[in-house]
Every structure is written in C-alpha cells, then in structure tokens.
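Here is a short tour of a protein model for you to follow with the structure open beside you. Take it one topic at a time, and try to find each residue as you read.

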Amino acid sequence: MRLVLAALAVLAMPALAQSPVVSTPETREAVSLTVYNGGFAVVREVRPLTLQRGVTRLRFEGVPAQIDPTSLSLVSLSEPGGLSVLEQNYQAHLIGTQSVLDAAVGQRVRLVRPLGEAVVVEEGVLLSQPRQGRIIRLDDGRVLVDPEGTIELLSTPDGLLSRPSLLWTLASENGGAHRVEARYLTDGLGWKADYVAVVDETETMVDLTGWVTLTNTSGASYPEAGLQLIAGDVRRVQPQAVLRGRTDGMRLEAAQAPAALPSQEAFFEYHLYTFPNPTTIEEQETKQLELLSAAGVGTQRRLVVDASGQYFPFYRRPRPGAGGATNEASAAVVLEVENAGSNRMGMPLPAGTVRVYKADRGGNLQFLGEDRIEHTPQGETVRLYIGDAFDVVATRREVSNRRVSDTEREVTVEVEVRNRKEVPAEVDVVERVFWGDWEVVQSSHPHERLDSRTAQFTVRLAADAAETVRYTARMR
C-alpha cells in the first residue's frame, strides 16, 4: 500500500500548484544537538505539522545556513513509517538589498533622485544587476548608468526568503496532525576544551577545572537545546567547503554552571558527554559550560634538561639553543598529573589547552604557563610543559666522536647542570641522540633507557651548585 501511494504521489507531483504549508522554528517542540570537535553537529528538532492525505508541499523554515541538505532524514513520531519525502530543495536566497535588486532585473521600478535642488521621481525598467552597475531605462527612452537616488520596487520579487528553508514534497498515508523529527548535519557548530589548573603552595596538588567552549556560526539559533558532545577524531568523507561566517561582534557568554556536571560514557570508539540541563545557543555566540571539576589532584613538578634539542616526542618542539656541538639550555618546567580515579580524576579528557596558575604570598593568582593536551584516556599521565626555569640551566658539550670500527661509533658527552636557586633541585637530563644498537658503556650517573633512542640521567643538586653528567655511548 505504501509503495502504491508513493507511486501515485510521484505521478501527481506535476499537478501540485498550491502554496506550501509553512513550518517555522517558533513552532518547535524540542531541539537537541550533538556537537563534534571537528566543527560540525547533528541537529534533531521536533515540530508539529498538519498534513493532508497524499501529497503535501511543505516549507521547513529556519534551518542553519550551513546545513548539509544531503544528510537530512525526516520521520513521523506519531505515525512511524507513514511519511516519506518525495522531493527536497534547499533554498537560501534570502531577502537583502543585493538579492532584492538582483531579483528585480527586468521589472518596472521607480527612481527617486536629486536633480539640482529638486527631487525627481521617474519610472522605468531595471536592466542590470547592481553588482554590474545599476542601469535603468526610463519611460522616455533615456538610459541612466549608476544614477544616484533610491530605487523603489513596484512589486515584490518572487522566491526570496527571510531565512534559509527546506522545501519538501511529502507523501502521507493519513492526513491530520503529525509530530515529525528532522535530523541533519550542519557545519559552523564546534567546541573545544579549556582547562584551568591552580597549583597549591606545596606544588604537590592542583585544583583542576575543565570548560567547554561552544562556537555557533551555523546561521541559526537553538533555544533550550539538549546538548551532547562527542570527543574523538570522527572522519568525514570529502567534507563540503564551508563558508565561514563572520565572527565580528560574536558574543561570549559564560553560562551559569549547571546543577550537575555532564555525564560521560564510552560511545563506539569515542566519548560522549551529555549535559543534564538544556541551554540556549544563539547564532554568532560563543558559550562556555563547565565540563569537570577536581580538587586536590596530586601532581609532580619536574625539571627536565634537553640540551641536545632532540626530544621531540615529549616537548613537540626544539629546545632553546639546539644545534652544534655545544648547546646552552634552560631546564623545562613540567607538571605531571595521573588521570586516575585514585588521584581524584579518571575522566577521559578531551583535547584542549591547560592554563596553570599559582597564588603568590599576597593571595593573587599568577599565570605560570600553558600547554595543549591531546585526547587523554583514563589511566594515562598528563604531561604539561609550561615554561623554562629561570635559575636552572645547562651546557652540553660533545667531548669526542670517533669511529671504533666499520660498524661502531663511540661518542662522549658532558652536560653541566647548574642550580642557581636557594633550594636544592632534582633535574632529569634527557639525551635523544642514539641510533642503532646502542649502550652507555660509561657514565658518571645512573641512567634509564626511555625508548630506543633516549636515555635519562637524574641529577640531585644542592642549592647554588653545579654538577656534570658525563657519559660514553657506543652505537653499532
């Protein structure tokens, strides 16, 4: 029966000439969003419709300007399976000065323009689009090129809309009231995570707060929307080119903290965060919502010297002074936090920037530095490179580098570490210069092999003291 109805509806489509039924966003019963950190979202909105049995043309107004029309699905919640979309058109020819005049080309217009001290009113036909230069042929035969004055339209051009819309041809098995849910993808909605970490006086604990920053340039607003976030790298095949909306004058709204933080669950190979309370996301708005809060989280502060400038996996950038046989470097300041329930954490952390603060003796928070973390699962360690130590510096010198045999080379290196602080300091010296089958055959300090190319030496320095790490390594 359904196939027969759809076939009859298709045959009847050319005869449809009635004005379409109009559904506006003001009639929404509910809207919910799932926002991805790739800059797009799934929108689900429920609206009531009154349809006739058979074929109905419907204008679904107020969709985002950056909608992907090919992603749309429409279902009837009141009569599942009883509604089908026969044809769909995306219309975004919006009313504006340019579009109105473009649509009026070939129509009669009235030109009101100054002529000396008088104001002249003349009528004629608009011959060209304004972007090509306004040309009007007056009724007396004269042609005016880019005349000054105001153009008045004698009739409103057809086909212009006040907001982007979808024009559907629907086939319904039964007439009457329907509750439908439209689901689609849109670009221009994205989110990122930002974190604030406040280090305590002993520098052994931090209070960590995570924030979600939502940005909406999709071309639509979403009042009282249910909100979910997906963290993870979701692949999209050949994404359409996105026309970025202007961000001038975007509003930044720090939303009130919800009654409860969002719940988190593993979803497919990603993580899904669901906020308990609805929130309004206006067009051209940036909104912040609290993602997590953890107090008294244990942390370890480390000083790491990478004078060779080669330890890319950890720092993701060269160290100061890298290159050459003799290198000068400051010790990197690193904070490590174990993301585990036993450490008052244990929530998967979306990628984002962590900004670190500490209160001075007067109680004023001072900025210590920042670093970006990638998506960090539960049980992993967060490592933050937040800056370079002022009073702990090092000099690296390659003492010798010689060929031992056709397959072996031996290198001797000295790294002098100087602690100019008034308190003792423990410093880790990392060397990522090894290749092949290597071993440290002689060393002034115990070492640990971190990976196939890296060794770490730990030096404990008294206040205002210096010490030299010397090692000889053989590589085959």
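Which residues do ring pairs link into a cluster? They are Phe434, Trp438, Phe457 and Tyr471. Keep in mind that this is a predicted model. With that said, let us look at the rings, then the sheets, the loops and the cavities.

**Aromatic rings**

- The structure holds 7 aromatic pairs. One of them joins Phe60 and Trp168, with 4.7 Å from centre to centre and 35° between the planes, and this pair is tilted.
- Phe60 sits in strand S4 and Trp168 in strand S12 (residues 165-172), so this pair links distant parts of the chain, 108 residues apart.
- Phe60 counts as buried because its relative accessibility is 0%. Trp168 also has 0% relative accessibility, and therefore it counts as buried.
- Now turn to Phe457 and Tyr471, whose ring centres are 5.1 Å apart; their planes meet at 20°, so this pair is stacked.
- Phe457 belongs to strand S31 (residues 454-461) and Tyr471 to strand S32 (residues 465-475), and the two residues are 14 apart along the chain.
- Both of these residues, Phe457 and Tyr471, are buried.

**An open sheet of four strands**

- Follow the order S1-S4-S12-S6 to trace an open sheet of 4 strands with mixed pairing.
- Strand S1 (21-23) and strand S6 (83-91) stand at the edges; each has a single partner strand, so one side of each is left without a neighbour in the sheet.
- From one strand to the next, the twist of this sheet averages 25°.
- S1 pairs with strand S4 (residues 54-61) in the parallel sense, over 3 bridges. Within this pairing, Val22 has Arg59 of S4 as its bridge partner.
- You have met S4 already: Phe60, one half of the tilted pair, is in this strand.

**An open sheet of five strands**

- Another open sheet has 5 strands in the order S10-S9-S8-S7-S11, and here the pairing is antiparallel.
- Which strands are at the edges? Strand S10 (143-145) and strand S11 (150-153) are the edge strands, and each pairs on one side only.
- The twist in this sheet averages 40° from one strand to the next.
- Strand S9 (residues 135-138) is joined to S10 by 3 bridges in the antiparallel sense. To find this pairing, look for Ile136, which stands opposite Leu144 in S10.

**Strands joined by 11 bridges**

- S14 and S15 run antiparallel and are joined by 11 bridges. Trp191 has Leu214 in S15 as its bridge partner.
- S15 is also joined to strand S21 (residues 285-298) by 11 bridges, again running antiparallel.
- On that side, Leu214 stands opposite Lys287 in S21. Leu214 is thus a good residue to start from, as it is also the bridge partner of Trp191.

**Residues with a positive phi**

- Most residues other than glycine have a negative phi. The next three residues are worth a look for that reason.
- Glu203 takes a positive phi near 60° in the hairpin of S14 and S15, which has 5 residues between the strands.
- Asp146 has a positive phi near 50° and is found in the loop between S10 and S11. With 49% relative accessibility, Asp146 counts as partly exposed.
- Asp464 has a positive phi near 50° as well, and lies in the loop between S31 and S32.
- Is Asp464 buried or exposed? Asp464 counts as exposed because its relative accessibility is 53%, and the cut-off for exposed is over 50%.

**Cavities**

- The model has 2 cavities of 30 Å³ or more, and the largest has a volume of about 130 Å³.
- 13 residues line the largest cavity, and the closest to its centre are Leu208, Val337, Val354, Val382 and Leu384.
- Strand S14 (189-199), strand S15 (205-216), strand S23 (326-338) and strand S26 (381-403) each supply at least two residues of this lining.
- What kind of residues make up the lining of the largest cavity? The lining has 13 nonpolar residues, no polar and no charged ones.

Terms used: Residues numbered from 1 in each chain as written. Predicted model: local features only at pLDDT ≥ 70, side-chain atom pairs only at ≥ 80, totals over all residues. Heavy atoms only, no water. 1 Å grid on protein atoms, 1.4 Å probe; cavity = no way out; pocket = protein on both sides within 12 Å on 5 of 7 lines; lining within 4 Å. Points joined across faces, edges and corners; volume = space filled by probe spheres on them. Nonpolar A, V, L, I, M, F, W, Y, C, P; charged D, E, K, R; others polar. Pairing = 2+ DSSP bridges. Axes fitted to C-alpha atoms, helices over the stretch in contact; angles between N-to-C directions. Phe/Tyr/Trp six-rings, centres within 6.5 Å; stacked < 30°, edge-to-face > 60°. Buried < 20%, exposed > 50% of the residue type's maximum accessible area, 1.4 Å probe, protein only.
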